[in-house]
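Have a look at the fold below and turn it around a few times. Then let us walk through it together, from the inside to the outside.

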Amino acid sequence: MSNVSPLSKPTIYFHWLVAISFIAVLAFGLYVEDLPKGPEKGELIGLHKSFGVLVLVLAVSRLLWRFKEGSISSLPGSPRWQEKIAAGVHHLLLLATLLMPISGIAMSLGGGHDIGVFGVTLITAGEKNELLGQIGHTTHGVLANIVLVTLALHVLGALKHHIVDKDATLKRMLGKS
């Protein structure tokens with residue numbers, strides 16, 4: 001473990017802040033999706049959209065930090081195939097934290113709805129654009145399923161490192177190495 005430097009506090013904070021907020025907004029969106037149409041559902045979708053925009057801001061900040069600091073190094077001794085899978089899962093999750101909110105924005109704008117955060121309009125809607133709305137809707141739905149599988153792989157990988165390999169991978173992300 002001494003060959004691998006500890007992760008910086010901003011790296012750890014960004015990881016957990018984006019992870020928790022992204023998962024919460026995803027779970028909330030899945031909940032709201034199944035509600036019957038009505039004013040309550042509309043209000044909850046508005047909250048989902050507001051939090052989604054905030055997740056996008058956090059995800060962009062995290063990505064900029066990652067470019068500044070560089071990729072997280074693997075622990076020594078990890079098999080090459082495992083490093084490739086881990087890198088793929090990480091890249092998919094990073095991409096998803098950007099594309100999920102962007103596809104939601106596209107869906108809203110395509111439907112002729114403003115983009116706002118808690119009642120403050122950031123982008124004023126134009127006319128409906130069915131193609132943009134459909135692309136946003138399809139992308140949002142497909143990504144949700146991809147994220148659920150990828151997130152499960154990420155958690156299982158972290159648990160494997162902690163329980164089976166008994167290495168410091170999870171401890172590093174918890175700031176304990």
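In this predicted model, Ala144 touches Leu26 and Met100, leaving aside residues up to four places away in sequence. Those three residues belong to the largest nonpolar core, which has 9 residues in all. The other members are Phe22, Val25, Val55, Ala96, Leu143 and Val147. Which elements give two or more residues to this core? They are α1 (9–33), α3 (80–110) and α4 (130–165). There is also a second, separate core of 7 residues, with Val53, Leu98, Ile105 and Ile115 among them.

**How two of the helices meet**

Try to find α1 and α3 in the picture. Their axes come within 11 Å and cross at roughly 45 degrees. This angle makes α1 oblique to α3, since it falls outside the ranges for roughly parallel (under 35 degrees) and roughly perpendicular (65 to 115). The crossing of α1 past α3 is left-handed. Where the helices meet, Val18, Phe22 and Leu26 come from α1, while Ala96, Thr97 and Met100 come from α3. Four of these names may sound familiar: Phe22, Leu26, Ala96 and Met100 are also in the largest nonpolar core.

**Charged partners**

How many salt bridges does a search of the whole structure find? The search finds 2, and here they are side by side.

| Acidic residue | Its relative accessible area | Basic residue | Its relative accessible area | Closest N and O atoms |
|---|---|---|---|---|
| Glu83 | 24% | Arg80 | 57% | 3.6 Å |
| Asp165 | 33% | Lys160 | 29% | 2.5 Å |

Glu83 is partly exposed, whereas Arg80 is exposed. Why are these two about one helical turn from each other? Because they are 3 residues apart in helix α3. In the other pair, Asp165 is partly exposed, and Lys160 is partly exposed as well.

**Two unusual backbone angles**

Now for the backbone. Most residues other than glycine have a negative phi. Phe118 has a positive phi of about 50 degrees, although it is not a glycine. You can find Phe118 in the loop between β1 (115–117) and β2 (120–123). With a relative accessibility of 44%, Phe118 counts as partly exposed, because that category lies between the 20% limit for buried and the 50% limit for exposed.

Lys166 also has a positive phi, of about 55 degrees, and it is not a glycine either. Where does Lys166 sit? Its place is in the loop between α4 and α5 (169–173). Lys166 is exposed, with a relative accessible area of 66%.

**The whole chain**

Finally, step back and look at everything at once. The protein chain has 5 helices and 2 strands. Starting at the N terminus, its elements follow the order α-α-α-β-β-α-α. Along the principal axes, the C-alpha atoms fill a box of roughly 55 × 30 × 25 Å. Of the 177 residues in the chain, 33% are buried.

What share of the contacts with a separation of 6 or more comes from residues 24 or more positions apart? The share is 72%. You have already met one example of a contact between parts of the chain: Ala144 touching Leu26.

How values were computed:
Residues are numbered from 1 along each chain as its sequence is written. This is a predicted model: local features need pLDDT of at least 70, side-chain atom pairs count only at pLDDT 80 or more; totals for chains, interfaces and linings use all residues. Side-chain values use heavy atoms; hydrogens and water are left out. A nonpolar core is a set of buried Ala, Val, Leu, Ile, Met, Phe, Trp, Tyr and Cys residues joined through side-chain atoms within 4.5 Å. Buried means under 20% relative accessible area, exposed over 50%, partly exposed in between (1.4 Å probe, protein chains only). Helices (H or I, at least four residues) and strands (E, at least two) are DSSP runs, numbered from the N terminus. Contact means heavy atoms within 4.5 Å. A salt bridge is a side-chain nitrogen of Lys or Arg within 4 Å of a carboxyl oxygen of Asp or Glu. Axes are lines fitted to C-alpha atoms, for helices over the stretch in contact, and angles run from 0 to 180 degrees between N-to-C directions. Angles under 35 degrees count as roughly parallel, over 145 as roughly antiparallel, 65 to 115 as roughly perpendicular and the rest as oblique. A crossing is left-handed if the near helix is turned anticlockwise from the far one by less than a right angle, and right-handed if clockwise.
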